[in-house]
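Hi everyone, thanks for making time this morning. I'd like to walk you through one structure, so let me put it on the screen first.

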Amino acid sequence: MRAVTFQAPGEVRIEHKPEPELVAPDDAIVAVEATGICGSDLHIFHGRVPIEPGFTIGHEYVGTVLAAGDQVTRVREGDRVLGCFLTACGTCFFCLRGAYHKCDFSRVFGHGSGLGSLEGAQAERLLVPRANLTLRPVPEGMGAETALFAGDVAGTAYHAVTSTRLAPGELAGVLGLGPVGLMAVQVAKASGAAAVYAVDSVRERLAVAESFGATAIHLTEQDVREEIKRATGGRGLDVVIDAVGHPSALDTAIRLARKAGRVSATGVYAERCEVHMGLVWIKSLTIESGQANVIAHVDPVLELLGAGVLDPSPLVTHHMPLDEAAEGYAIYDRREALKIVLTP
Ligand SMILES: [Zn+2]
Ligand SMILES: [Zn+2]
């Protein structure tokens, strides 16, 4: 079967890979109908997240169950399904406490041997371990390009907002308007935020945030701190979501948050990063961080997508055949796309 593989920094290629086979009794094989290119795939593409050359990448997928082991009870052969970007065992210390994202035996699709040696979803077919936890049936009438968001982007945005306990009537800020940031704007609005201030330097992304009901602030053409000061009478925002994953974004988030406010560091931080801890302490800020617990969130996220409360369709800017993945990565790398959906 055909699969998109990492070769070297800046190079992905379509290769022929062996067909996946059931290994454990709770495995399933999924024929992929649609698969996304994600910001974290770009970390691999650039070599910042090292994986073995020839490994299949990708972790966002919708498809049909081709085969399922004896212990798979929640989906069946022939079901149209979507999947989470990672798997969890369901029985370790962390899973029993609902922290599936911190499972001791968690494996992430398409991230090489460092994260569980699980071949990726940018392929014709995919082995899905722990299918009872990892997969969900696609709700009746939901398109692949909507369902695709449930197991990663929308789940991550949901995690970013709910981890801050945003209450109706509060003021939220979202820094970085990639797909996760833009979905976080929608989740914050749906959670009752009185206003959402959306910050980025790409005009098209600011326009999408505005269409979702946010107030757009241009990162370099406007003074973000002054704009927030003016909008809040100098108080600052109740909640700020850093959907960038860069020290300067985290620093801005800490400065925009009001005293006793909450900050969610949702962007990926893999390295040491200095923050002004004195400011965090003096302001009594709460900082939430880490990868999203998408397995815990996938059901409510599907309800919100199904009800149209969350609508990711404006984020899908490119549809391409799987065979054109290399071109897709190049486009994504140039920040010309929000979400590229590949179809095998
Ligand atoms: Zn992703
Ligand atoms: Zn576990």
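**A walk through the model**

Let's start in strand β14, residues 257-265, where we find A260. Before going on, please keep in mind that this is a predicted model. The phi of A260 is positive, near 60°, and the residue is not a glycine. As general background, most residues other than glycine have a negative phi. Is A260 buried, exposed or partly exposed? With a relative accessible area of 43%, A260 counts as partly exposed.

There are other positive phi values to look at. S284, in the loop between α10 (277-282) and β15 (286-289), has a phi near 55°, and this residue is not a glycine either. R335, which follows helix α12, has a positive phi near 60°.

Now to the metals, beginning with ligand 2. Which residues coordinate this zinc ion? The donors are the SG atoms of C89, C92, C95 and C103, at 2.3 to 2.4 Å. For those of you who like patterns, the spacing along the chain reads C-x2-C-x2-C-x7-C. The angles among the 4 donor atoms run from 105 to 116°, and the site is tetrahedral.

Let me stay with two of those cysteines. C95 has a relative accessibility of 3%, so it counts as buried. C103 counts as buried as well, because its value is 7%. C103 sits in the loop between α2 (93-96) and β7 (107-108). Leaving out residues up to four places away in sequence, C103 touches A88, C89, C92, F94 and C95. If you want a sense of scale, the C-alpha atoms of C103 and H16 are 32 Å apart, with their positions 87 residues apart along the chain.

The other zinc ion is ligand 1. Its protein donors are C38 through SG, H59 through NE2 and D152 through OD, at 1.7 to 2.1 Å. C38 lies in the loop between β3 (28-37) and α1 (39-45), while H59 lies in the loop between α1 and β4 (61-68), so the pair ties together parts that are 21 residues apart in sequence. C38 and H59 are both buried. Along the chain, the donor spacing is C-x20-H-x92-D.

From there, have a look at T35, which belongs to strand β3. T35 counts as buried because its relative accessibility is 0%. What does the side chain of T35 reach? It reaches the backbone oxygen of E60, at 2.8 Å. Beyond residues up to four places away in sequence, T35 touches several others, including Y61, A121, Q122, L148 and L322.

Next, two helices. A general point helps here: an α-helix has 3.6 residues a turn, so residues three or four places apart point the same way. In α7, residues 203-211, the buried residues are R205, L206, V208 and A209. These cover an arc of only 155° around the axis, which puts them on the same side of α7. On the other side of α7, R203, E204 and S211 are exposed. What do the buried residues of α7 pack against? They pack against α6 (179-190), β11 (195-200) and β12 (215-218). After α7 comes G213, with a positive phi near 100°.

Helix α12, residues 325-333, has A325, G328, Y329, I331 and Y332 buried. Their arc is only 160° around the axis, which puts them on the same side of α12.

Last stop, the nonpolar cores. In soluble globular proteins, nonpolar side chains tend to be buried together. The largest nonpolar core here has 61 residues, and L82, L177, L182, V185, V196 and L315 have the most contacts inside it. Among the elements that give two or more residues to this core are α5 (153-162), α6, β11, α7 and α11 (294-306). Take V185 from that list: leaving out residues up to four places away in sequence, V185 touches V174, L177, V196, A198, A209, F212 and A214. Apart from this core lies another one, of 20 residues, among them L175, Y197, V240 and V280.

That's my tour. Thanks for listening, and I'm happy to go back to any part of it.

Note on methods. Residues are numbered from 1 along each chain as its sequence is written. Chains are lettered from A and ligands numbered from 1 in the order in which they are written. This is a predicted model: local features need pLDDT of at least 70, side-chain atom pairs count only at pLDDT 80 or more; totals for chains, interfaces and linings use all residues. Side-chain values use heavy atoms; hydrogens and water are left out. Donors are N, O and S atoms within 2.8 Å of the metal (3.2 Å for Na, K and Ca); water is not among the atoms, so sites may look incomplete. Four donors count as tetrahedral if all angles lie between 85 and 135 degrees; four count as square planar and six as octahedral if opposite donors are over 155 degrees apart and all others between 65 and 115; anything else is irregular. Buried means under 20% relative accessible area, exposed over 50%, partly exposed in between (1.4 Å probe, protein chains only). Helices (H or I, at least four residues) and strands (E, at least two) are DSSP runs, numbered from the N terminus. The arc is that of the directions from the helix axis to the C-beta atoms. Contact means heavy atoms within 4.5 Å. A polar contact is a pair of N or O atoms within 3.5 Å; within protein, one must be able to donate a hydrogen and the other to accept it, and residues adjacent in sequence count only if both atoms are side-chain atoms. A nonpolar core is a set of buried Ala, Val, Leu, Ile, Met, Phe, Trp, Tyr and Cys residues joined through side-chain atoms within 4.5 Å.
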